[in-house]
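Hi there,

Here is the structure I promised to send over. Have a look at it first, and then read on for what turned up.

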Amino acid sequence: MSYAELSREELEALKAALEAEYAEHCAKGLALNMARGKPGADQLALSLPMLDCVNATTELFAEDGTDCRNYGVMDGIPEAKRLMASIMDHDAERVCVFGNSSLNIMYDLVSHGMLYGYLGAPAWKTLPEIAWICPSPGYDRHFAICEQLGIRMIPVRMTETGPDMDEVERIAASDASVKGIWCVPQYSNPTGAVYSDEVVRRLASMECAAEDFRIFWDNAYCVHHLYEGREAHVADIAAACEASGHPDRYFKFASTSKVTFPGAGIAAVAASAANIAEIKSRVGVQTVGYDKLNQLRHVKFLGDANGMAEHMKKHAAIIAPKFDMVLDMLEAGLEGVGATWSKPDGGYFISFEGLPGTAKRTVALAKEAGVTMTGAGATWPYKNDPRDTNIRIAPTLPPMNELEQAMEVFVCCVKLASVEALLA
Ligand code: PLP
């Protein structure tokens, strides 16, 4: 049965039935939250032993003799650089390990562009306008950085293999005020898309009107695979940029926020030698150094890339069943509605596309029934989803039983909002 083929009378009858079901959900007095991509409590428990790796009885010196309790080594202890370099496909010499948040580093680097400019180019604050390419749906906090710094955002539609590159190339080549692009290349937030080799090559080699154009390569989910045997591995943007004669075009980012503890992980930036030298000179004014005890703790706990991969399998064992359940419930509950959704192999989200004009209504209905979803529109610049279709589903935080209840409500709300839209 396809909703689009139902007569008005059939739709009216369906609406009445769905309203009755919805009232039952509302009567349960639920208070469930699926708004953000946070690890669940059982995932956080996986990293508790890390807290014992560094204590009053353990060695507190880095391999180069640095006393991790003291000031200094602003760009990270060598063993932490090696650990982060191993998951970032980079040479450890050109990696800086900073504080707990990669988003914080991204914010600082965009700010540096604004205040000082990159590698001798003019500070953006001296230019009449700065613009940014924003593959959408995308990560709301990337968009918030642009919005706060007054950078005009240009949405470009995401495909299953990355942003629509014809559009990206056209915009980058034609407008010198366009200084950058947000990219979440592997298991993107929220669509789960994995950038193809072709997209990586085109980003690295495209003509840019702005000499100081930067690809913000936010590989937040580089080790966050859900299913063994289906692990993605995106081509290296650094190698691609070097091969096409643009060695300074990218900044790579990663963190252990969703490996160990969000808020108490370690975060890193990797870049060309020239960019790293400039970043160090600027960040060296911002801080004397970050938390080296936490860097040491991470190295002792995770070891190397293999240790990290083993640890990530434990996360996958907890969250893959949550993704599977959400996908099964969407499949079973929404037959014929005309909605679609992503089926990611990793990352933290499922991206839902409802009928045009239904996303806001669906999220509002769910909220009324006690289920908080990510705000509709949040995945687009200025919170403006032009077709009002996209909803980000974040399955990781609620325990399975709560997730199941939340998804029952969500499915009902999608159907009700869809029928309302078809009757309007
Ligand atoms: N980048 C993306 C794409 C994310 O989805 C998130 C968190 O949800 C972050 C960055 C935040 O990273 P961090 O905790 O390192 O600041």
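To begin with, how many helices and how many strands are there in the protein chain? There are 13 of each in this model, which is a predicted one. With a radius of gyration of 23 Å, close to the 22 Å given by the globule rule for 424 residues, the chain is as compact as a globular protein of that length. Its C-alpha trace spans about 75 × 55 × 35 Å along the principal axes, and 47% of the 424 residues count as buried. Among contacts with a separation of 6 or more, 76% are between residues 24 or more positions apart.

Now to the strands. An open sheet is built from 8 of them, in the order β2-β9-β8-β7-β6-β3-β4-β5, and its pairing is mixed. The edges are held by β2 (95-97) and β5 (162-163); each has a single partner strand, so one side of each is left without a neighbour in the sheet. Within this order, β3 (residues 131-136) runs parallel to β4 (residues 152-159), and 6 bridges link the pair. If you want a spot to click on, Trp132 has Met153 in β4 as its bridge partner.

Later in the chain, strand β11 (residues 350-353) pairs with two strands, β10 and β13. Its pairing with β10 (residues 340-341) is antiparallel, with 2 bridges, and Thr340 stands opposite Glu353 there. The pairing of β11 with β13 (residues 390-393) is also antiparallel, over 4 bridges, and Ser351 has Arg392 in β13 as its bridge partner.

Happy browsing, and best wishes!

Technical notes:
Residues are numbered from 1 along each chain as its sequence is written. This is a predicted model: local features need pLDDT of at least 70, side-chain atom pairs count only at pLDDT 80 or more; totals for chains, interfaces and linings use all residues. Two strands pair if DSSP finds at least two bridges between them. The radius of gyration is taken over C-alpha atoms; the globule rule is 2.2 Å times the number of residues to the power 0.38. A residue is buried if 20 or more other C-beta atoms lie within 10 Å of its own, exposed if 12 or fewer, and partly exposed in between; C-beta atoms are placed from the backbone. Two residues are in contact if their C-beta atoms, placed from the backbone, lie within 7 Å.
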